[in-house]
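Student: I should like to learn how helices and chain interfaces are read from a model. Please take me through an example.

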Amino acid sequence: MTAAPFLALLLSPILAAAGALVLPPRWRAASVLHAGLGLISLLAALRFVALVLDGWTPTWGATVLFRVDALSALLAACVAFVAALAALLGPRLGPDDHYTPAQVRRFRVFSSLFAFTMLVAVTANNVGVMWIAIEATTIASAVIVPLTVTKASVEASWKYILIGSVGIALAFVGTVLGYFDFVTLVGQREYALNWTVLLANAPVLHPPVIQLAFVFILIGYGTKAGLAPMHTWLPDAHSEAPSALSAMMSGVLLAVALYAIVRWKAVVTAAVGHQFPNRLLIGLGLLSLAIAALSLVIQRQYKRLLAYSSIEHTGLMCLGLALGPLGVFASMLHLVNHTLAKSMMFFASGRILDRYGSPEIGRVSGLLRVMPWTGGLFAAGMIALLGLPPFGMFLSKFALVRAGFADGKGWLMAAVLALLAVAFVSLLAHLNRMLYGPAPAGIRRGESGGWAVVPLVACATMLVVLGIAVPAPITELLDRIVEIAGR
Amino acid sequence: MSPELVSQLSVGGSTLVLLAGLAMLWRRGVRAHIGAFTAQSVALAATTAMVGWFTGDWQLWAVAALLLLIKGVGIPILLARMARRFGTERELEPYVNTATSLLVGGLLVLLAYLVTAPLVSVSQLPTRTGMPLAMGLVFVSLFVIISRKKALTQVLGFLMLENAVALLAVLGTHGIPIIVEIGVFLDVALGFIVMQVFVYQIHETFESIDVEQLNRLRE
Amino acid sequence: MSPWLLGPVQAAMALLLAPGLVGAIRWMKARLQNRSGAPPWQPYLELRKLFAKEVVVSNNASWLFRAAPFIVFGSTVAVTLLVPLLAVPLPFDGAGDLLVVVYLLLLGTFFLALAGLDPGSPFGGMGASREMTVAALAEPTMALAIFALAWSAGSTNLGHIAARMLATPSEALAPGHVLAFAAIFIVTLAETGRLPVDNPATHLELTMIHEAMVLEYSGRYLALIEWAAALKLLVFFTLLGNLFAPWGIAAALTPGALLWAALTLALKLLALGGVVALVETHIAKLRLFRVPELLSASFILALLAVTASFLLR
């Protein structure tokens with residue numbers, strides 16, 4: 001298998017970072033190059049999806065360092081997509097933006113590095129390399145959370161990097177314990193940290209050790225995924241970061257953390273059966289859903305609102321993973337939908353923030369009159385997040401609840417539906433407050449930089465497509481993923 | 001080198017590493033904390049070298065040298081520079097007072113012993129005897145991060161957590177593959193540098209590194 | 001020599017050596033501080049002077065005040081019968097082990113504290129409460145630390161612990177033992193009223209712990225209490241020396257072996273005394289609210305010693 005797709009996928013973000021470092025940000029060429037390299041990365045990811053659908057499993061590296069199966073391909077596509085959007089719509093030196101050239105440069109460099117580390121994380125075959133990449137995502141993203149230095153953003157970035165790094169360190173404890181078990185049985189091997197090898201040897205691993213390892217892994221990567229009770233950094237970091245970064249973090253970083261959990265769950269299920277991991281996942285997922293749904297009621301800032309919604313959806317995805325193969329399918333479909341919807345929402349909210357100058361929900365009103373396209377997209381995204389048709393989330397949420405009932409967890413699903421109803425009401429109330437009513441005085445009307453709306457409209461369209469009928473390639477991809485994730 | 005001697009040295013080295021961690025709960029000054037971290041890194045490097053000698057694995061010697069260089073010399077130098085800026089800010093009143101912190105630390109070590117009992121019973125390596133202490137340091141580091149109020153102390157707690165995991169790895173598995181090891185080093189070093197930048201930023205924005213000041217974002 | 005004679009001989013030897021030990025430490029401290037200092041046999045002269053002096057008792061004191069010095073002295077002498085000073089096995093092995101030793105020492109402290117409260121003087125009460133705080137934290141530490149040794153020896157009998165250590169010299173540097181040594185060393189400093197917990201040479205009542213309790217005593221009562229304090233110091237040093245480095249202890253009861261045992265014991269006592277003198281010269285006294293921190297640290301050391309011994313069994 002040639003190395004070309006791998007190079008295109010992974011080298012583009014590196015080149016983009018180098019280019020942003022070297023070229024002056026004011027040059028038109030710099031932004032074009034940046035966006036172009038993002039697009040190349042996306043095309044490479046789509047190529048991987050095509051290869052996987054054809055039945056290949058591309059690998060690269062002497063000790064099979066990189067390996068792309070269905071799960072990796074799907075997540076790589078999501079990451080590359082959001083990264084490309086961020087490259088296109090991120091902080092620019094336009095008339096409406098208020099960033100200095102230094103800030104724009106810093107954003108471009110580190111967001112490209114951020115994208116690179118996420119891509120490495122999902123395509124690495126080695127558990128250790130995946131860990132290194134995920135830790136690096138914390139570092140790369142934390143640098144640009146305080147892009148504009150205010151007391152709030154400094155506080156948010158500090159909490160993020162501290163809690164995130166501590167969580168990842170705990171995940172490393174779990175990784176070491178897993179490797180320890182392997183070493184105890186088989187002895188030291190160079191390739192022992194590969195997923196394929198771990199999975200193959202899973203049935204003979206000692207149950208108590210693997211269970212302990214999984215607890216650490218879940219707590220560790222769960223911190224990055226935003227699962228309660230380790231979620232306290234998320235609302236702060238996602239609301240204080242620049243909108244493009246929030247889109248990347250909420251849209252795909254949480255998904256990458258969930259990817260790590262899915263991989264390890266497959267190993268643990270092969271070792272000790274599915275009861276133990278499922279119980280833990282249900283516990284954490286339900287707790288996250290509850291805390292998020294109840295917190296949504298009292299939110300006063302729209303970006304924080306979106307952040308809590310991310311926690312809610314991550315909790316749902318976590319729950320789905322524990323509900324058998326139907327649940328895994330629903331969970332992964334939900335992942336794709338959430339990526340599209342949440343990133344679109346954050347980009348839209350970025351435009352709202354630029355126009356209205358305030359992050360408070362109370363200060364934003366008459367959105368449909370002031371910015372019809374952005375307002376419409378915001379409303380569409382919110383409706384999508386609520387789980388209403390014709391958007392994709394409706395299908396995935398429905399599939400998830402159905403999987404729950406099929407798995408015999410009726411009471412659990414009833415609780416989930418109740419919490420979703422709470423979230424529904426609060427989100428809808430906040431949305432109404434923002435969309436309608438008189439516009440504040442002195443706000444300029446009309447869209448600025450109209451072409452920037454186009455990619456967001458594309459997102460919305462994709463959501464609708466996923467909502468009406470999931471295209472066959474995606475269904476097939478998801479079926480493969482269900483096999484990978486174990487029963 | 002007989003396995004019994006290796007067992008004893010493992011427990012000895014792990015005890016030193018854990019004691020340095022407990023010293024973070026006991027002493028209050030920034031310089032004492034940095035000294036404790038340096039001592040801990042040196043003890044960790046020594047333990048790694050000892051395991052390397054026992055197994056005859058040259059890679060472990062390289063890892064020990066890296067540990068000494070990065071965590072025993074490099075990071076303490078940077079920390080000392082920070083201490084000169086913020087050294088006058090002593091950890092006056094942590095959330096939990098010293099005597100109680102030490103007792104909680106002891107309880108955490110006992111808890112770690114309970115948690116790692118399956119690990120010790122499963123393994124055949126002579127170095128497995130030190131693993132409960134390494135896990136104890138994991139818990140103690142978490143406690144340090146939660147209960148201390150100065151951002152600098154929290155950074156030190158994180159560095160100690162990384163030391164604990166490195167110790168766990170070397171005692172339980174006689175070293176993880178070298179690529180991963182180097183990657184971990186880079187990660188920790190980079191993470192520390194970024195945290196350092198953040199502490200300076202906090203100091204500039206809030207005029208102190210007291211984490212209690214970071215309370216603007218609620219709900 | 002009959003084994004039953006060993007007990008009284010040990011006790012007599014301890015009684016004779018104890019004031020000398022205190023004097024030696026004082027002399028070493030003086031030399032370290034560049035003073036001439038009193039000669040090492042000064043405490044003997046002090047004891048003789050005190051026995052000759054008149055006793056003055058407060059009107060408010062009860063029978064407890066008069067009885068306490070004897071109880072303290074008696075319990076400390078009883079401890080010397082149970083500690084491996086010269087030889088193992090001890091004749092009174094069946095009567096007492098580690099726990100009895102700890103509780104006998106605590107008995108002495110308890111009665112001394114009561115005697116401090118008895119005359120109703122404010123300094124006495126202050127000293128008593130401070131002493132109880134220190135004892136409450138130090139006693140469990142000591143029990144735990146010796147328990148760590150007992151675990152590896154398989155018995156809480158002090159004689160057996162020493163014998164076991166004699167038999168397996170390689171275990172002397174085991175992590176559990178080193179930690180236990182450190183813990184008991186800190187407890188020694190606390191229980192015998194040495195810096196950094198309590199300054200034995202202070203004349204400021206508000207900084208006293210042990211001295212404040214005995215402020216009201218005079219004459220032969222004070223002599224008995226001072227002697228008991230010196231004996232306590234000797235007992236602790238013996239525990240430190242003969243439990244952790246028991247080489248020199250007589251296994252048979254021949255005069256040659258016993259003489260050699262006495263010699264090595266004297267050497268160990270002097271060595272430990274030197275260390276304490278150094279420590280006292282270098283460290284300043286801790287503020288009272290910091291003392292629980294120090295004792296908690298020693299408790300943790302003892303706890304780690306137990307887990308380390310357990311792990312390496």
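Student: Which residue takes a positive phi just after H7(B)?

Tutor: In this predicted model, where local features need pLDDT of at least 70, side-chain atom pairs count only at pLDDT 80 or more, and totals for chains, interfaces and linings use all residues, His174(B) has a positive phi of about 55 degrees just after H7(B). Residues are numbered from 1 along each chain as its sequence is written, and chains are lettered from A and ligands numbered from 1 in the order in which they are written.

Student: How many residues does helix H7 of chain B have, and how many of them are buried?

Tutor: Helices (H or I, at least four residues) and strands (E, at least two) are DSSP runs numbered from the N terminus. The expected span is 1.5 Å times one less than the number of residues. H7 of chain B, residues 151–173, has 23 residues and reaches 33 Å from first to last C-alpha, close to the 33 Å expected. A residue is buried if 20 or more other C-beta atoms, placed from the backbone, lie within 10 Å of its own; in H7(B), 23 of 23 residues are buried.

Student: How many residues of chain A are in contact with chain B?

Tutor: Contact requires C-beta atoms, placed from the backbone, within 7 Å. By that criterion, 40 residues of chain A meet 38 of chain B. H6(A) gives the largest share of chain A's side, 19 residues.

Student: How many residues does the contact take from chain B and from chain C?

Tutor: It takes 18 residues from chain B and 15 from chain C. On chain B's side, helices H1 (3–26) and H4 (98–115) each supply at least two residues.

Technical notes: A residue is buried if 20 or more other C-beta atoms lie within 10 Å of its own, exposed if 12 or fewer, and partly exposed in between; C-beta atoms are placed from the backbone. Two residues are in contact if their C-beta atoms, placed from the backbone, lie within 7 Å.
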